[in-house]
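Me: I am new to this structure and would like to be walked through it. Could we begin with the sequence and the model?

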Amino acid sequence: PDSIVSRTVYLGETMRIIEKTGIAAPQEWEGTSGEAHLWWHRDQQPGDTLTLGFAVSEAGTYRVRGRFLKAIDYGIAQFAINGEKAGAPIDFYHDGVVITEEIDLGSFALKAGENRLSMTVVGANPKAVKTYMVGLDYLKLEPVR
């Protein structure tokens, strides 16, 4: 009861697309939550951004974590929450498709209503095929007490 922390999970493929370069669409993928993820693909270049909206019912400070996919043709992305950088850029290169563990993006003061998650391509691993794709399985929020 009191020791249970409430969590809110947003499946990538259900988040509202506010702004994008290229194509961002659901892709079925076994092992992801909901058996699909949001696949951002199609000729991105460094500097391109995808911005997604997620609604928060109560303003406050939240720890934000995400689960993503990695693959041979995925890029390095810098994340931001409401314009504030969320950690260091993340390299999504892997020599096969894998689903990551949850990655901690940091704690952020979020407003009630729609907030924004942005991902900007900043490059690619030297070993990667340079198509700069990103796959978002889910975003998870936990209130910070």
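Reply: The turns below go from the overall fold to single residues.

Me: What kind of model is this, and how are residues numbered?

Reply: This is a predicted model, in which local features need pLDDT of at least 70 and side-chain atom pairs count only at pLDDT 80 or more, while totals for chains, interfaces and linings use all residues. Residues are numbered from 1 along each chain as its sequence is written, and side-chain values use heavy atoms, with hydrogens and water left out.

Me: How many helices and strands are there?

Reply: The protein has zero helices and 13 strands. Both are DSSP runs numbered from the N terminus, with helices being H or I of at least four residues and strands being E of at least two.

Me: And how compact is the protein?

Reply: Its radius of gyration is 15 Å, close to the 15 Å that the globule rule gives for 145 residues, so the protein is as compact as a globular protein of that length. That radius is taken over C-alpha atoms, and the rule is 2.2 Å times the number of residues to the power 0.38. Along the principal axes, the C-alpha atoms fill a box of roughly 45 × 30 × 25 Å.

Me: What share of the residues is buried?

Reply: Buried residues are 44% of the 145. Here buried means under 20% relative accessible area, exposed means over 50%, and partly exposed lies in between (1.4 Å probe, protein chains only).

Me: Which strand is largely enclosed by the rest?

Reply: That is β13, residues 134–143: ten of its ten residues are buried, so the strand is largely enclosed by the rest of the structure.

Me: Which strands pair with it, then?

Reply: Strand β6 (residues 60–70) runs antiparallel to β13 and is joined to it by eight bridges. Strand β1 (residues 8–11) is also antiparallel to β13, with four bridges, and β4 (residues 36–41) is antiparallel to it with three. Two strands count as paired if DSSP finds at least two bridges between them.

Me: Which residues stand opposite each other there?

Reply: Tyr10 has Leu139 of β13 as its bridge partner. Leu136 in β13 is the bridge partner of Leu38, and Phe68 stands opposite Leu136 too.

Me: Changing topic, how many salt bridges are there?

Reply: There are six. A salt bridge is a side-chain nitrogen of Lys or Arg within 4 Å of a carboxyl oxygen of Asp or Glu.

Me: Which residue pairs with Asp137?

Reply: Asp137 meets Arg67 in a salt bridge, at 2.7 Å from N to O. Asp137 lies in β13 and Arg67 in β6, so the pair ties together parts that are 70 residues apart in sequence.

Me: Are those two buried or exposed?

Reply: Asp137 counts as buried at 0% relative accessibility, and Arg67 counts as buried at 18%.

Me: What does Lys140 pair with?

Reply: Lys140 forms a salt bridge with Glu102, and their closest N and O atoms are 2.8 Å apart. Lys140 lies in β13 and Glu102 in the loop between β10 (98–99) and β11, so the pair ties together parts 38 residues apart in sequence. Salt bridges that share partners join Arg65, Glu102, Lys140 and Glu142 into one network.

Me: Now the interior: how many residues does the largest nonpolar core have?

Reply: It has 33 residues, and those with the most contacts inside it are Phe54, Phe79, Leu117 and Met119. Such a core is a set of buried Ala, Val, Leu, Ile, Met, Phe, Trp, Tyr and Cys residues joined through side-chain atoms within 4.5 Å. The elements giving two or more residues to this core are β4, β5 (49–56), β6, β7 (76–81), β11, β12 (113–123) and β13.

Me: What is Phe79 in contact with?

Reply: Leaving aside neighbours within four places in sequence, its contacts include Phe68, Glu84, Leu105, Leu117 and Met119. Contact means heavy atoms within 4.5 Å.

Me: Where is Glu84, and is it buried or partly exposed?

Reply: Glu84 is in strand β8 (residues 84–85) and is partly exposed, with a relative accessible area of 46%. Not counting residues up to four places away in sequence, Glu84 touches Phe79 and Phe108.
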